[in-house]
Amino acid sequence: MKTELIVALDNMTEITARSFVEKSASCGVNWFKIGLELYSATGPAFVKELKQKGYNVFLDLKLHDIPNTVEKASRVIAGLGVDLLTIHCTGGVDMMKGALVGAQGSSTSIIGVTALTSLGDHDLGLLGEVFAFNDQSKPRPARKRTVARLYQAALEVGLRGIVCSPDDLATLPRINPSGFCFVTPGIRPTFADRNDQQSVATPAAAVKAGATHLVVGRPITAPPSGMSSEDAIKKILEEMATAGN
Ligand code: C5P
């Protein structure tokens, strides 16, 4: 499976997002991530616009609600033609199943968010991790344990992939059925700033580690001075190619 480059359309207006889509497409990119911020501003209209233009859309809304609500939202979103839709695995097995039922018969793949990289051990403890799953025979940091367990749950329920950090990619057991997606943010080519990302990998390292989709925002949308967004995309695609992509 060829690794896809997804440009994250964050921190921008609809007009700027449209211009980034055009610039990216001129370099061969046809995957775009619309997150909570842009979706809140533009609603389904911008998703429909990208789909009508033939692009692939990763709608990163991270749904988390009761199963009935998530099923219905998933059905509406699948009707927009979205390609990847995120839900929180911590919403539980019935909620994950609800999302799958909602998207049934559509081309939308439901992707699970395991543990947000922003959660520390204290937060995971608040979620019950420490008490319910502190298996002393396999001491591992709470986050890694949580990610591994939710990955397993996502597989069992039949989700089509998970969002995972470069660090998760390196440590998760590869028990995935073929076609399972590892959607990986935290990508930093050597020319880019790390920004607020805690766990980063270069495009080549992430491809080699088995990422199926690289989500890249600021290295492309806010490249270092003297470099255009198009230059940044070309460098990233070249680097992915050197890793066998
Ligand atoms: O600008 P940057 O390349 O850091 O953007 C990464 C994208 O991936 C952002 O849209 C961000 O919301 C998303 N993301 C992330 N880290 C996670 C999950 C999602 O950076 N753990």
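1. A residue counts as exposed when its relative accessible area is over 50%, and as buried when that area is under 20%. In this predicted model, Gly54 has a relative accessible area of 52%, so Gly54 is exposed. The residue is found in the loop that runs between helix H3 (44–52) and strand S3 (56–63). From Gly54 to Gly210 the C-alpha to C-alpha separation is 26 Å, with the two positions 156 residues apart in sequence numbering.

2. On aromatic contacts: the count of aromatic pairs comes to 4. One of them joins Phe32 and Tyr55, whose ring centres are 5.3 Å apart and whose planes stand at 80°; planes over 60 degrees apart count as edge-to-face, so this pair is edge-to-face. Phe32 belongs to strand S2 (residues 31–35), whereas Tyr55 is in the loop between H3 and S3. The two are 23 residues apart, and their pairing links distant parts of the chain. Phe32 and Tyr55 are both buried.

3. A further pair is formed by Tyr151 and Phe182. Here the ring centres are 5.9 Å apart and the planes meet at 55°, so the pair is tilted. Tyr151 lies in helix H8 (residues 142–157) and Phe182 in strand S7 (residues 181–184), so the contact ties together parts that are 31 residues apart in sequence. Tyr151 is buried, as is Phe182. Ring pairs also bring in Phe180: Tyr151, Phe180 and Phe182 are linked into a cluster.

4. A charge-over-ring contact is present as well. The charged end of Lys23 sits over the ring of Phe20, at 4.7 Å from the ring centre.

5. The largest pocket has a volume of about 880 Å³. Its lining is made up of 37 residues. Which of these lie nearest the centre of the pocket? They are Lys33, Asp60, Lys62, Pro185 and Gln197.

6. Several elements give two or more residues to the lining of the largest pocket: S2, helix H2 (36–42), S3, helix H9 (166–171), strand S8 (213–216) and helix H11 (218–221). S3 gives the most, with 3 residues. By residue class, the lining of the largest pocket divides into 14 nonpolar, 13 polar and 10 charged residues.

7. Two elements recur in the points above. S2 holds Phe32 of the edge-to-face pair, and S2 is also among the elements that give two or more residues to the pocket lining. S3 borders the loop in which Gly54 is found, and S3 gives the most residues to the lining of the largest pocket.

How values were computed:
Residues numbered from 1 in each chain as written. Predicted model: local features only at pLDDT ≥ 70, side-chain atom pairs only at ≥ 80, totals over all residues. Heavy atoms only, no water. Helix = DSSP H or I, 4+ residues; strand = E, 2+ residues; numbered from the N terminus. Buried < 20%, exposed > 50% of the residue type's maximum accessible area, 1.4 Å probe, protein only. Phe/Tyr/Trp six-rings, centres within 6.5 Å; stacked < 30°, edge-to-face > 60°. Lys NZ or Arg CZ within 6 Å of the ring centre and 35° of its normal. 1 Å grid on protein atoms, 1.4 Å probe; cavity = no way out; pocket = protein on both sides within 12 Å on 5 of 7 lines; lining within 4 Å. Points joined across faces, edges and corners; volume = space filled by probe spheres on them. Nonpolar A, V, L, I, M, F, W, Y, C, P; charged D, E, K, R; others polar.
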